[in-house]
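Please open the model in your viewer and keep the sequence panel beside it. The tour below moves from one selection to the next and says what is found at each stop.

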Amino acid sequence: MAFKKGIKPTLYGVPQSPFVRKVRSFMHAKQLPFNIIPIMPGDSRKTFRRMSPFGKIPAYREGSLRLCDSSVICAYLERCHPETPLFPKDNRNYAHALWVEEYCDTVVSKIMTFRLMYQCFLKPAFRKIPPDKELIEETLKEDVPPILNHIEDFIMNDQEFLAGPELSIADISMTAHMLSYIYSGHEINADKWPKTSQYIDKMLETGPFPKALREENYPYYQVFLDKSWDVPDTV
Ligand SMILES: N[C@@H](CCC(=O)N[C@@H](CS)C(=O)NCC(=O)O)C(=O)O
């Protein structure tokens with residue numbers, strides 16, 4: 001589906017960000033073409049700040065339209081391109097999908113991205129600072145299990161998707177954010193969380209995700225992970 005007046009939108013943000021991944025996957029699921037400019041979070045350039053005043057990624061530009069926030073961008077795209085719906089039609093499924101999206105954008109991202117992926121991958125790879133192993137251990141013990149228990153409860157035994165019979169924003173948000181856990185070098189324990197482990201594995205192989213993962217050179221990050229634990233104790 002083409003955009004009005006032939007305008008191809010541009011998405012700003014490094015593709016490994018879960019929030020950028022969420023929008024990329026959403027756009028791939030709708031088969032919408034777009035350019036991507038891999039800007040880092042916090043970029044202070046004026047042109048970027050006009051789209052994203054707080055410097056967060058993603059930002060989105062379509063002609064004179066400037067947007068930020070993954071949820072806003074996805075909601076906008078759903079209105080403009082309803083042909084492949086990604087927000088459930090059924091009212092209850094719709095409300096549930098919004099809740100899953102909100103849970104992922106707040107709780108899952110806080111622990112999986114801003115804590116674990118930052119400590120295990122981003123900090124050692126890009127800032128050359130060793131990870132805080134105590135914090136990682138504590139997070140894995142205290143914070144990760146309640147999240148995985150919660151996700152396990154989200155997944156109904158007989159259902160392929162999280163909010164109704166079709167792929168929706170709930171699946172896109174969940175998969176996009178749970179990738180951060182994998183980026184941090186950890187696996188979902190299939191003995192403890194069998195439905196979650198199976199669900200994420202399946203999601204990564206289907207729908208918009210294979211294309212989204214190719215775009216971010218997945219699993220190239222492992223090169224950095226392996227090195228990270230050997231980084232010397234200096235900045
Ligand atoms: N609510 C925003 C959150 C986006 C977000 O926090 N992105 C992170 C990168 S994963 C960021 O840009 N952080 C930079 C900062 O907080 O200054 C969304 O849904 O897009």
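Begin by selecting Gln31, which in this predicted model lies in the loop between H1 and S2. Its phi is positive, at about 55°, although Gln31 is not a glycine. Most residues other than glycine have a negative phi. Show the surroundings of Gln31 and you will find 11 other C-beta atoms within 10 Å, so the residue counts as exposed.

Go next to Lys128, in the loop between H4 and helix H5 (133-154), where a positive phi of about 60° is again found in a residue that is not a glycine. Is Lys128 buried or exposed? Lys128 has 12 C-beta neighbours inside 10 Å, and it is therefore classed as exposed.

Two proline residues are the next selections, and for both the peptide bond before the proline should be displayed. Most peptide bonds are trans. The bond from Ile57 to Pro58, however, is cis, with omega near 10°, and Pro58 belongs to the loop between helix H2 (46-51) and S3. Further along, Tyr218 and Pro219 are joined by a cis peptide bond with omega of about 5°; Pro219 sits in the loop that runs between helix H8 (209-215) and helix H9 (222-228).

Now colour the strands. They form an open sheet of four strands in the order S2-S1-S3-S4, and the pairing is mixed. Strand S2 (35-37) and strand S4 (65-68) are the edge strands, and because each has a single partner strand, one side of each is left without a neighbour in the sheet. From one strand to the next the twist averages 20°. Zoom in on strand S3 (residues 59-62) and S4, which pair in the antiparallel sense over four bridges, and pick out Glu62, which stands opposite Leu65 in S4.

From the sheet, move to helix H3 and select Cys74, which lies in that helix. Cys74 has 23 C-beta neighbours inside 10 Å, and so it counts as buried. Which residues does Cys74 touch, leaving aside those up to four places away in sequence? They are Val23, Phe26 and Ile169. If you also select Phe209, the C-alpha to C-alpha distance from Cys74 is 16 Å, although the two are 135 residues apart in sequence.

Select the ligand next, together with the 14 residues that surround it, of which the closest are Ser17, Phe19, Pro41, Lys56 and Ser70. Helix H1 (18-29), helix H3 (70-80) and helix H4 (91-127) are the elements that give two or more residues to this shell. Coloured by class, the shell shows five nonpolar, six polar and three charged residues.

Finally, zoom out to the protein chain, which contains nine helices and four strands and follows the pattern β-α-β-α-β-β-α-α-α-α-α-α-α along the sequence. The radius of gyration is 18 Å, close to the 18 Å that the globule rule gives for 235 residues, so the chain is as compact as a globular protein of that length. Taken along the principal axes, the C-alpha atoms fill a box of roughly 55 × 50 × 25 Å. Buried residues make up 37% of the 235 residues. Among the contacts between residues at least 6 apart in sequence, 72% join residues at least 24 apart.

How values were computed. Residues are numbered from 1 along each chain as its sequence is written. This is a predicted model: local features need pLDDT of at least 70, side-chain atom pairs count only at pLDDT 80 or more; totals for chains, interfaces and linings use all residues. A residue is near a molecule or strand if its C-beta atom, placed from the backbone, lies within 6 Å of it. Ala, Val, Leu, Ile, Met, Phe, Trp, Tyr, Cys and Pro count as nonpolar, Asp, Glu, Lys and Arg as charged, and the others, Gly among them, as polar. Two strands pair if DSSP finds at least two bridges between them. Axes are lines fitted to C-alpha atoms, for helices over the stretch in contact, and angles run from 0 to 180 degrees between N-to-C directions. The radius of gyration is taken over C-alpha atoms; the globule rule is 2.2 Å times the number of residues to the power 0.38. A residue is buried if 20 or more other C-beta atoms lie within 10 Å of its own, exposed if 12 or fewer, and partly exposed in between; C-beta atoms are placed from the backbone. Two residues are in contact if their C-beta atoms, placed from the backbone, lie within 7 Å.
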